[in-house]
Amino acid sequence: MIDAFHPDASQAAAIDLAERERVLVLTGAPGRGKTWTLTEILRRWEAAGARRVVLCAPTGKAAKRMTEETRRPASTIHRLLAQEDGPIGAADAVVIDECSMVDTLLLARLLAAVPASARLLIVGDVDQLPSIGAGQVLRDLIDSGSVPVARLTEIHRQAGGEASWICQNADRILDGQMPHADNDRATDYFWREVPAGPDGAEAAAAQIIDAVAWAARRFGVDPVRDVAVLCPKRKEDAPLRVGRFNEALQAKYNPPGVRKMEWAHPNGETIRVGDRVRHTVNSYEIDCSNGGSSKGVFNGEVGHVKSIDRTKRKGRPDLLRIEVDLGDRTATYTEANAVEMVLAYASTVHGAQGSGYPVVVIAVHDVDAWMLRRPLLYTALTRAERCAILVGSDKGLRKAVATDGDYYRRTRLAVRLRDVAA
């Protein structure tokens, strides 16, 4: 909740730039007050006469968070671009959040739709993982020097009366330093070390399941709704794979029951009433309701299964109907589109990007050594809002902290932007 706004020096400079410049990049690590700064910029734009301000983000989850944090409606970029004669063509200002997730082609489509007269604010954390699609547009925009950049630097997030350990350790990881760990003194960052090697990976799996229950007790949160397990890999040959934890956590917190309806997903998962699920693609035809009616569920949106019904039809296949509570609306899935949801007790770090959870439990073990990189660890850690628990081997953690650069891509966007600016 945003009340009185008292900007630090970097926030004040960002607000001043946003009032003077037509285009601005706003960047900074979590806990630096991006939400406060963005909301104050929006307030000043509106006070100066901007009537049509369009807010968007690359995923449904990120757009929903943007709506909650700014108290203004936001949509996915895909949904915005799909609207014929939509709001973007008449916008006085456009804000793009979580831009590190936006690939080159999608940003090009969006910028082509933004009126030349509109203000443009591009927001994101440049140190997170780059987009799954081609390019690294946020980094290239900053590196080009062709666009004004405002960097937020001061930590505002507090934990136990001092600056958040999550934020401090995120900074250390970016600097290539091992994070501080002191489980006796810590308030929001905890480290559970297990041995290296395959046997250690089995110990890590048990510790991860235990950490979910421990965090739920310690912080008074719901282990299904508020805790996310983040893994480097989804593949079935990975000891600490996503599917393993989805299965184990579902069995612990939402086991089968005599009257509990369920549905067999073609991917081998069993979806039950009460499960946390995540949508995996952008779908424009799924019926949704929130008092009225609408359509569309988008990649990354997380919800909880409210009901599963199968209607028997003589001489025809059963009629499947699954209702999922997405928080702001209820989506109704049919047999044709139910395959677009998966269990979401655990996910890859890429899958969680753009999302935030009260508690995250992160697998960082040397059995996944080839995946462990500094941007991956940083992105995973900064998904945590109240508590982060890292579980793994010292060897795995050191590998993640020490390895940088593999995610950075060779593009010519920064060079071309400099040429155009010159």
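Which residues form one aromatic cluster? In this predicted model, the cluster consists of Phe190, Trp214 and Phe219. This briefing describes that cluster, then the pockets and cavities, and finally the cysteines.

**Aromatic cluster**

- The structure holds 2 aromatic pairs.
- One pair joins phenylalanine 190 to tryptophan 214 in an edge-to-face arrangement, with 5.0 Å from centre to centre and 75 degrees between the planes.
- Phenylalanine 190 belongs to strand 9 (residues 189-193) and tryptophan 214 to helix 8 (residues 197-219), so this pair ties together parts that are 24 residues apart in sequence.
- Tryptophan 214 also pairs with phenylalanine 219, again edge-to-face, at 6.4 Å centre to centre and with 80 degrees between the planes.
- This second pair counts because its centres, 6.4 Å apart, lie within the cut-off of 6.5 Å.
- Phenylalanine 190 is buried, at 4% relative accessibility, and phenylalanine 219 is buried as well, with a relative accessible area of 14%.
- Tryptophan 214, by contrast, is partly exposed, with a relative accessible area of 21%.
- In general, two values describe a pair of aromatic rings: the distance of the centres and the angle of the planes.

**Largest pocket**

- The volume of the largest pocket is about 870 Å³.
- Its lining comprises 34 residues, and those closest to the centre of the pocket are Gly31, Thr35, Arg65, Glu69 and Arg157.
- Four elements each give two or more residues to this lining: helix 2 (34-47), helix 3 (60-70), strand 5 (119-124) and strand 22 (384-392).
- Helix 3 contributes the most to the lining of the largest pocket, with 6 residues.
- By residue type, the lining of the largest pocket divides into 10 nonpolar, 12 polar and 12 charged residues.

**Second largest pocket**

- The second largest pocket has a volume of about 400 Å³.
- Of the 22 residues that line the second largest pocket, Pro58, Thr59, Met101, Ile132 and Asn299 are the closest to its centre.
- The lining of the second largest pocket is made up of 6 nonpolar, 13 polar and 3 charged residues.

**Cavities**

- Empty space left among atoms can be found by rolling a probe the size of a water molecule over them.
- The structure contains 4 cavities of 30 Å³ or more.
- The second largest cavity has a volume of about 60 Å³.
- Residues that line the second largest cavity include Leu230, Cys231, Pro232, Val349, Ile362 and Leu376.
- Strand 10 (227-231), strand 21 (357-364) and helix 11 (374-381) are the elements that give two or more residues to the lining of the second largest cavity.
- The lining of the second largest cavity has 12 nonpolar residues, with no polar and no charged ones.

**Cysteines**

- A search of the whole structure finds 0 disulfides.
- Cysteine 167 is in no disulfide, and the nearest cysteine sulfur, that of cysteine 387, is 13 Å away.
- Cysteine 167 is buried, with a relative accessible area of 1%.
- Why does cysteine 288 form no bond with the closest cysteine sulfur? The sulfur of cysteine 288 is 19 Å from that of cysteine 56, which is too far for a bond, because a disulfide requires sulfur atoms within 2.5 Å.
- Cysteine 288 also counts as buried, at 5% relative accessibility.

Notes. Residues are numbered from 1 along each chain as its sequence is written. This is a predicted model: local features need pLDDT of at least 70, side-chain atom pairs count only at pLDDT 80 or more; totals for chains, interfaces and linings use all residues. Side-chain values use heavy atoms; hydrogens and water are left out. Rings of Phe, Tyr and Trp (its six-membered ring) pair if their centres lie within 6.5 Å; planes under 30 degrees apart count as stacked, over 60 as edge-to-face and the rest as tilted. Buried means under 20% relative accessible area, exposed over 50%, partly exposed in between (1.4 Å probe, protein chains only). On a 1 Å grid over the protein atoms alone, a cavity is a set of points where a 1.4 Å probe fits but cannot get out, and a pocket is an open set with protein on both sides within 12 Å along at least five of seven lines; lining residues have an atom within 4 Å of a point. Grid points are joined across faces, edges and corners, and a volume is the space filled by probe spheres set on the points. Ala, Val, Leu, Ile, Met, Phe, Trp, Tyr, Cys and Pro count as nonpolar, Asp, Glu, Lys and Arg as charged, and the others, Gly among them, as polar.
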